[in-house]
Structure formats: C-alpha cells, structure tokens
Amino acid sequence: MLLKEGYRLGANMRDPFGRAITYLRISVTDRCDLRCVYCMAEEMTFLPKAELLTLEELERVAAAFIRLGVRKIRLTGGEPLVRRNVMSLVNALGSRIGPGGLSELTLTTNGTQLTRYAQDLFAAGVRRINVSLDTLDPVRFAAITRWGKLEKTLEGIFAAKAAGLAIKINTVALKGTNEDEFDRLIAWCGEHGFDLCLIETMPMGEIDQDRTNQYLPLSLVRARLSRTWTLEETDYRTGGPARYVVVKETGRRLGFITPMTHNFCESCNRVRLTCTGTLYMCLGQDDAADLRTPLRASSDDGLLEAAIREAISRKPRGHDFVIDRRRNRPAVARHMSLTGG
Ligand code: SAM
Ligand code: SF4
C-alpha cells in the first residue's frame, strides 16, 4: 500500500553523511531454487539452518527499524518465497502498513513461486514487486539460471499481474548472453504493462566464471537502445539507485542501475539485514553489525535499538566496486544472495 511520503515525520535515523535511513532490505534466506550464473556458483554452501533468525525474530528486528524511522521494507534473498512459512512474516509486516508505520512492503523474487503466493501477497498489502528475468528465450533462461524453466517464471509473472500487483522486471545485462534481447524485452514489457530495469553485474562473491567476461556497461546499452526507441528523460525516482527514462513508444519506464559506471551512493537511504541478523550498512563494503546477539540478549528491545543506531553511525560514504582484469576477484566475498542485492 503506497502512502504519501509527506507523513514521514518523526525520528529518522541519519547516517554520518546526513542521509536519512528509511529503507530496510531483509534477505529472509540465502537459499534459492535457481543458480543464476552471475549470482551463485553451482555448488553453494548455504548457512546452517540453526544460524537463521526465526521469522518472529526477523519481525522483531523489522519492528525496531520501523520505530526508528524505516518506512519501506523489501524482502529478498536468496529466493524469499522458498523460505518455509514466509507468508507469516509478510502478513505480520503487512499489518504495519499505515501512518506511523510502513509506507510500502515489497519484494524481489525470481517468480517461480508466484502462482502459489501472488494473491496472498496482495491480500497482505503488497502492491508492487520486482521479478528477475534476464531473457525471454527458454534455452537461454535454462543456461543463465542453470536450473530454471522460463515457463514457470512467466506463469508466476502473469499470476502476479492477475492478482493486481504492479510488476517491474529486473534484467542483469550480460555481455554476449542477453545483450541482443533488450529491444524484445522493452517491447514485451510495454505489451504487458511492466516497467523494466537493467542492472550492471556487480563483483560480489566467487562464481564459477570470470566476471570481466559478463560485464556490459549500461552507458553502451543506452546509446544502442536510443537508436530504436525514444528515451525521454524523467526525474522519477524510487529512492533507489535506478535512473529512469520513459520509452515513448511503450509509455513504460526503463531504469538503469549502473553501480560500475555511475556511482549511486550519494542518495543511499538503505541498509540490509541478512537472515542471520547481520546488518550490512553498504552493499559493497564488508563492515557489518551483529544484531542477533542484542536481539537474543533480552526480550526488551533497548539493546537492539542501540545496536541499530550504532551501526547507522558507521554507514560508509559508498562502495568502491571495480571490475577489471588486474583485480580479478570480488570486491566483497559474500554473494548477492546473502545480502539480497
Ligand atoms: N532471488 C530473487 C531474484 O532473483 O529476484 C531475489 C534475490 S536476487 C540476489 C536480487 C537481484 O540481484 C536479482 O535481480 C539478481 O538478478 C541480482 N543479482 C544477483 N547477483 C548479481 C550480481 N553479481 N550483479 C548484479 N546483480 C545481481
Ligand atoms: Fe537465486 Fe535470485 Fe541469485 Fe538467481 S539472482 S540465483 S534467482 S538469488
């Protein structure tokens, strides 16, 4: 449920650079039913289940963040919809939508479970979701996700649309893999009423391949697209890192997330919680705060809130992602699936 930003009064947390922290992303699991080549190695070692926060604990941490000024929560992963009973967390957070609470609850998903969950998500108060889809070609889809079937994801996307959820498609731009498909994706999104966001690959976690071979600068893609489409500048922002244009021919938005060619840190309003209760203050830095210990140390939330405030006071100015052949190792060792992108 989207409410006007205007009621955002009260105790916003500010980081050392004056940025109000109003957006929390929660990775509810590091597990996934797919193995996208840019995200994971095929053989992944996942966290032992005993280390995970329970869904009730995740809700308690989220509630503390809401008291401290967070207004938007995105559930992600791994694949958020493969966590057992995830709807109990979605429903609990959904009940916090409203004045003084959340202005938006949303999630990022690979779509495989949406036929099962789309209606429940809408009923819980979710109004828009991001679905990751890198190709419309079934053979390519199987190659990129290693284990996925395009049909299942498409069925999920259309179930979400039928349930009334607004959809943004997230597509990672991969050199030599899907770069010839962006025109088709723009047309397809236009046809079905979806926004589209293209993302540059980020150097996170060891995968089975050389990332320099995957990296495609979006400045190049945008220049190529503007030969086919009329890309109209817009100042539309979601508070996130994407810069948007409107594709005149389809009337839909097209976003570019360009961490590598354009640093988006100056307006960063977010922090990321993992399923073990570790808080990362920046996607591209290793510094983190343990919230599980203060959470479990007392049933009162004083220690937890103090730990959150202390963590925010350490939020760094930004990341320093680099992908080049001389520095052929990830900027951070953890995978995107741990912090949820
Ligand atoms: N499983 C869900 C999904 O795929 O939407 C949510 C988690 S996934 C880690 C979140 C987003 O991160 C996806 O859109 C995915 O394409 C993107 N992603 C994963 N690894 C990435 C990387 N190394 N660079 C850029 N984007 C990445
Ligand atoms: Fe799973 Fe999402 Fe990573 Fe693909 S991008 S492997 S769907 S977590």
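# A guided tour from the ligand shells to the core

Begin by selecting ligand 2: the shell around ligand 2 comprises four nonpolar residues, two polar residues and one charged residue. The surrounding residues to display are Cys32, Leu34, Arg35, Cys36, Cys39, Gly78 and Asn110. The model is a predicted one, and the values given along this tour are computed from it.

**The whole chain**

Next, show the protein chain as a cartoon. The chain contains 10 helices and 14 strands. Of its 341 residues, 57% are buried. When a surface is switched on, the accessible area of the protein chain comes to about 14400 Å², and carbon and sulfur atoms account for 51% of that area. Contacts may also be considered by their separation in sequence: among those between residues at least 6 apart, 74% join residues at least 24 apart.

**Ligand 1**

Now select ligand 1 and the residues around it. There are 18 such residues, and those that come nearest are Tyr38, Gly78, Ser132, Val172 and Met202. Gly78 was already on display, as one of the residues that surround ligand 2.

Three polar approaches to ligand 1 merit labels:

- Tyr38 places a polar side-chain atom 3.1 Å from an oxygen atom of ligand 1.
- Gly78 contributes a backbone N or O atom, which lies 3.0 Å from a nitrogen atom of ligand 1.
- Glu79 has a polar side-chain atom 3.2 Å from a nitrogen atom of ligand 1.

On its own, ligand 1 has 540 Å² of accessible area, and the protein covers 95% of it. Colour strands β5 (104-109) and β7 (166-172) next, as these are the elements that give two or more residues to the shell around ligand 1. By class, the shell around ligand 1 consists of six nonpolar, nine polar and three charged residues.

**The nonpolar cores**

Hide the ligands and turn to the interior. The largest nonpolar core has 77 residues, and the residues with the most contacts inside it are Phe65, Ile73, Leu75, Ile169, Leu254 and Leu279. Helix α1, residues 55-67, gives the most to this core, with seven residues.

Centre the view on Ile169. Which residues is Ile169 in contact with, leaving aside neighbours within four places in sequence? The residues in contact with Ile169 are Val131, Leu133, Ile157, Trp188, Cys189, Phe194, Asp195, Leu196 and Cys197. A second, separate core has 20 residues, including Tyr38, Leu174, Met202 and Leu283. Tyr38 and Met202 are also among the residues that come nearest to ligand 1.

**Two loop residues**

Select Asp208, in the loop between β8 (195-199) and α7 (218-228). Tyr38 is 170 residues away from Asp208 in sequence, yet their C-alpha atoms are 8.6 Å apart in space. Apart from residues up to four places away in sequence, Asp208 touches Ala41, Glu42 and Arg146.

Finally, move to Thr112, in the loop between β5 and α3 (114-124). Is Thr112 buried or exposed? Thr112 counts as buried because its relative accessible area is 7%, and the limit for a buried residue is under 20%. The side chain of Thr112 is joined to that of Gln113 by a polar contact of 3.1 Å. With residues up to four places away in sequence left out, Thr112 touches Asp33, Leu34, Lys152 and Thr153. Leu34 returns the tour to its starting point, being one of the residues that surround ligand 2.

Key: Residues are numbered from 1 along each chain as its sequence is written. Chains are lettered from A and ligands numbered from 1 in the order in which they are written. This is a predicted model: local features need pLDDT of at least 70, side-chain atom pairs count only at pLDDT 80 or more; totals for chains, interfaces and linings use all residues. Side-chain values use heavy atoms; hydrogens and water are left out. A residue is near a molecule or strand if one of its heavy atoms lies within 4 Å of it. A polar contact is a pair of N or O atoms within 3.5 Å; within protein, one must be able to donate a hydrogen and the other to accept it, and residues adjacent in sequence count only if both atoms are side-chain atoms. Accessible areas come from the Shrake-Rupley method with a 1.4 Å probe; for residues, only the protein chains shown count as cover. Helices (H or I, at least four residues) and strands (E, at least two) are DSSP runs, numbered from the N terminus. Ala, Val, Leu, Ile, Met, Phe, Trp, Tyr, Cys and Pro count as nonpolar, Asp, Glu, Lys and Arg as charged, and the others, Gly among them, as polar. A nonpolar core is a set of buried Ala, Val, Leu, Ile, Met, Phe, Trp, Tyr and Cys residues joined through side-chain atoms within 4.5 Å. Buried means under 20% relative accessible area, exposed over 50%, partly exposed in between (1.4 Å probe, protein chains only). Contact means heavy atoms within 4.5 Å.
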